[in-house]
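The following exercises ask for a reading of a protein model from its geometry. Each task is followed by a solution in steps.

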Amino acid sequence: MNFAAQFWYSKASKDRAAWTEAKAEEDNDPFWQRGEKKLKRRESLRCRQDGPGQNGSHVPRPTPINPERLKDFGEEDYLNGDVKTWEMKIVGHPEELLKDAPRAPPPQVTPSPVNAPVRRASIRPRSEVIRFEDISAAAFKIQGGVQKTPCMYSRLSKQYGIEIYLKKEYLQYTGSVKERGVLYMLTTLPQEQQRKGVIAALDSNFAMAVAFHASELSIPVFIIVPTSVPPARVKICREYGAMVISYGTTVQDSHSHARRLAQENAYLFIEEEDDAVYLAGLGTVGLEIYEQVPKLDAVLFPAGGHCGLLAGSAAALKHLNPNIDIIGVEPERFPILQQSLKMDYIIKDQDGVPNLLYGDLSETSFGNNSLQLSKKLVDKVITVREEDVLLSMLRLLECERATVDAAGAIGLAALVAGKLPELKGKRVAIALCSGNLELPLFQQCINRALTLDGRLCRFSLLLPDCPAEMSKLMELLSREEVRVLGVTQEHVFATCDLFSIEVTCTVETRDRSHTSQVRVALADRYPTLHWRER
């Protein structure tokens, strides 16, 4: 036997002898003293195993704990039967060591049955109030997913006597400012819900933003639309990566079908909600405007049924500079926010059918949160006519090469209509929030705007039925530098003699003065001239 084996053998013999001696003494002691000696013996053994601590004292070694296993210990080990529990009942009153400090009563815990259903909190509580910190966090979170659109000085400034800066949100990938709120809303979803997927039932800018950003985040996305939706919209959503399902003939049918699918398949049914998350994402527009345009005097936003952009941006701008005037503009046919502020409750749209021109502005989707923010932070809400909206679309197309829809042009319409004379000589920013409009409808809007502007005219007159007279008419229009868009001749239904024809011409002029000049020249040559007034 070597030296090390002899050492450990002698040490074990001494420990065995000491334990035998202590056991014999314990057997001879009264039973009420045996517990104290047993505790002392265990304490000395623990100190011998742990080793000396500071100043020669023995301290127990901390038990290594894996933090990731703490949450699973109580569930898995308890279910496997590896955890044993003891119940201890203490009789008597504990000794009070601190007489001056009152001890708080223990919390009352009500036992619940094992199989009781667990109530989960809402993912995004609607009662939450938006804060400036929420908007700053949203700006940091979505900075890599959306465009920081320019806010540029406009050539329209000299025409209206106002320093106009245009925030071009129609340059977003889906052509709408709704991307900001949608992206921030999707990134805040739990990972489990992102894995299951989301579903929406809208034919709007919101639905296209959901389709695009959900696909970019690898979230399964389903869009339910009515069968009356234009095929171009369906094609765009599918190209973004969404599963588009046509169901029902009305919006209500698609909504009910989407909710049923969400309940059956654990999808999250999302819509333009009135919570702090969505409003904070939209409020990042106000942050960027304040950063891009110094010394602002006023900012114009679209209002109507979707005033989330107005409310969220107002929260950011008023926090940074309370002297900036926040003005909301909405259609004269749908003064939803203006009436809601006057009545102090949300006015719902009557028929529920969205207007093809105004789209989101004609539907009521905001809630009490946006209403209270608008009531507290918005300085003025005005309405504009449809004619002013069409003219502003024409001005933006000609001067800024900006293809925007009615919601994007309604802010400039307030200046076109002369509704804000107090802004003369001031620095004003206008949010061009969207540019999604069907091509045939956009062409119709531009043609109507040209007519309102006095540049698209139509007249009719009687001519002898011979080619020479038609040639003379074309020569006159050429001398007046008029662009002829169309000519029609009526032989059968004309109210004239048999050898005369009724000629109708559609022409385009430079401006109203040019139109007056052409009208005078035609009236002098042709007494039967009939000018078509709108």
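**Exercise 1: A loop residue**

Ser-218 lies in the loop that connects α8 (205-216) to β4 (221-225). The model is a predicted one. Determine whether Ser-218 is buried or exposed, and state what is notable about its phi.

Solution.
Step 1. The relative accessible area of Ser-218 is 65%. Exposed residues are those over 50%, so Ser-218 is exposed.
Step 2. Phi of Ser-218 is near 60°, which is a positive value in a residue other than glycine.

**Exercise 2: A second loop residue**

Locate Glu-481 and characterise its backbone and its accessibility.

Solution.
Step 1. Glu-481 sits in the loop between α18 and β12 (483-490).
Step 2. Its phi is near 60°, a positive value in a residue other than glycine.
Step 3. The relative accessibility of Glu-481 is 57%. With the limit for exposed residues set at over 50%, Glu-481 therefore counts as exposed.

**Exercise 3: A histidine and its surroundings**

Which residues does His-514 contact, leaving aside its neighbours within four places in sequence, and is His-514 buried or exposed?

Solution.
Step 1. His-514 belongs to helix α19 (residues 512-525).
Step 2. Its relative accessible area is 2%. Buried means under 20%, so His-514 is buried.
Step 3. A polar contact can be assigned to the side chain of His-514, which reaches the backbone nitrogen of Arg-510 at 3.1 Å.
Step 4. With neighbours within four places in sequence left aside, the contacts of His-514 are Glu-480, Glu-481, Val-482 and Thr-509. Glu-481 in this list is the residue that was placed in the loop between α18 and β12.

**Exercise 4: Packing of two helices**

Describe how helix α18 (residues 467-479) packs with α19, and list the residues that meet.

Solution.
Step 1. Two packed helices are described by the angle between their axes and the distance between the axes.
Step 2. For α18 and α19, the angle is about 150° and the axes are 11 Å apart.
Step 3. Angles over 145 degrees count as roughly antiparallel, so α18 is roughly antiparallel to α19.
Step 4. The crossing of α18 past α19 is right-handed.
Step 5. On the α18 side, the residues in contact are Lys-472, Leu-473, Leu-476 and Leu-477; on the α19 side, they meet Ala-521, Leu-522 and Arg-525.

**Exercise 5: An open sheet and its helices**

Give the strand order of the six-stranded open sheet, identify its edge strands, and describe the helices packed on the sheet.

Solution.
Step 1. The order of the six strands is β1-β2-β10-β7-β8-β9, and the pairing is mixed.
Step 2. The edges are formed by β1 (151-153) and β9 (380-384), each of which pairs on one side only.
Step 3. From one strand to the next, the twist averages 25°.
Step 4. Strands β7 (residues 298-302) and β10 (residues 427-432) run parallel and are joined by three bridges. In one of the bridge pairs, Ala-298 has Val-428 of β10 as its partner.
Step 5. Helix α12 (residues 308-320) packs on the sheet, where it touches β7 and β8 (325-331); the helix direction makes about 160° with that of β7.
Step 6. Helix α13 (residues 336-343) also packs on the sheet, touching β8 and β9, and its direction makes about 140° with that of β9.

**Exercise 6: Two polar side chains**

Examine the surroundings of Gln-194 and Arg-395.

Solution.
Step 1. Gln-194 is part of helix α7 (residues 191-196).
Step 2. The side chain of Gln-194 reaches two backbone oxygens: that of Leu-186 at 3.1 Å and that of Leu-189 at 3.2 Å.
Step 3. Leaving aside neighbours within four places in sequence, Gln-194 contacts Leu-186, Thr-187, Leu-189, Ile-219 and Pro-220.
Step 4. Arg-395 is part of helix α15 (residues 386-400). Its relative accessibility is 12%, so Arg-395 counts as buried.
Step 5. Not counting residues up to four places away in sequence, Arg-395 touches Leu-156, Gln-159, Tyr-160, Glu-400, Leu-412, Asp-453 and Arg-455.
Step 6. Arg-395 and Ala-449 are 54 residues apart along the chain, and their C-alpha atoms are separated by 9.3 Å.

**Exercise 7: The protein overall**

How many helices and strands does the protein have, and what percentage of its residues count as buried?

Solution.
Step 1. The secondary structure comprises 19 helices and 14 strands.
Step 2. Of the 534 residues, 44% count as buried.
Step 3. Among contacts between residues at least 6 apart in sequence, 73% join residues at least 24 apart.

Conventions
Residues are numbered from 1 along each chain as its sequence is written. This is a predicted model: local features need pLDDT of at least 70, side-chain atom pairs count only at pLDDT 80 or more; totals for chains, interfaces and linings use all residues. Side-chain values use heavy atoms; hydrogens and water are left out. Two strands pair if DSSP finds at least two bridges between them. Helices (H or I, at least four residues) and strands (E, at least two) are DSSP runs, numbered from the N terminus. Axes are lines fitted to C-alpha atoms, for helices over the stretch in contact, and angles run from 0 to 180 degrees between N-to-C directions. Contact means heavy atoms within 4.5 Å. Buried means under 20% relative accessible area, exposed over 50%, partly exposed in between (1.4 Å probe, protein chains only). A polar contact is a pair of N or O atoms within 3.5 Å; within protein, one must be able to donate a hydrogen and the other to accept it, and residues adjacent in sequence count only if both atoms are side-chain atoms. Angles under 35 degrees count as roughly parallel, over 145 as roughly antiparallel, 65 to 115 as roughly perpendicular and the rest as oblique. A crossing is left-handed if the near helix is turned anticlockwise from the far one by less than a right angle, and right-handed if clockwise.
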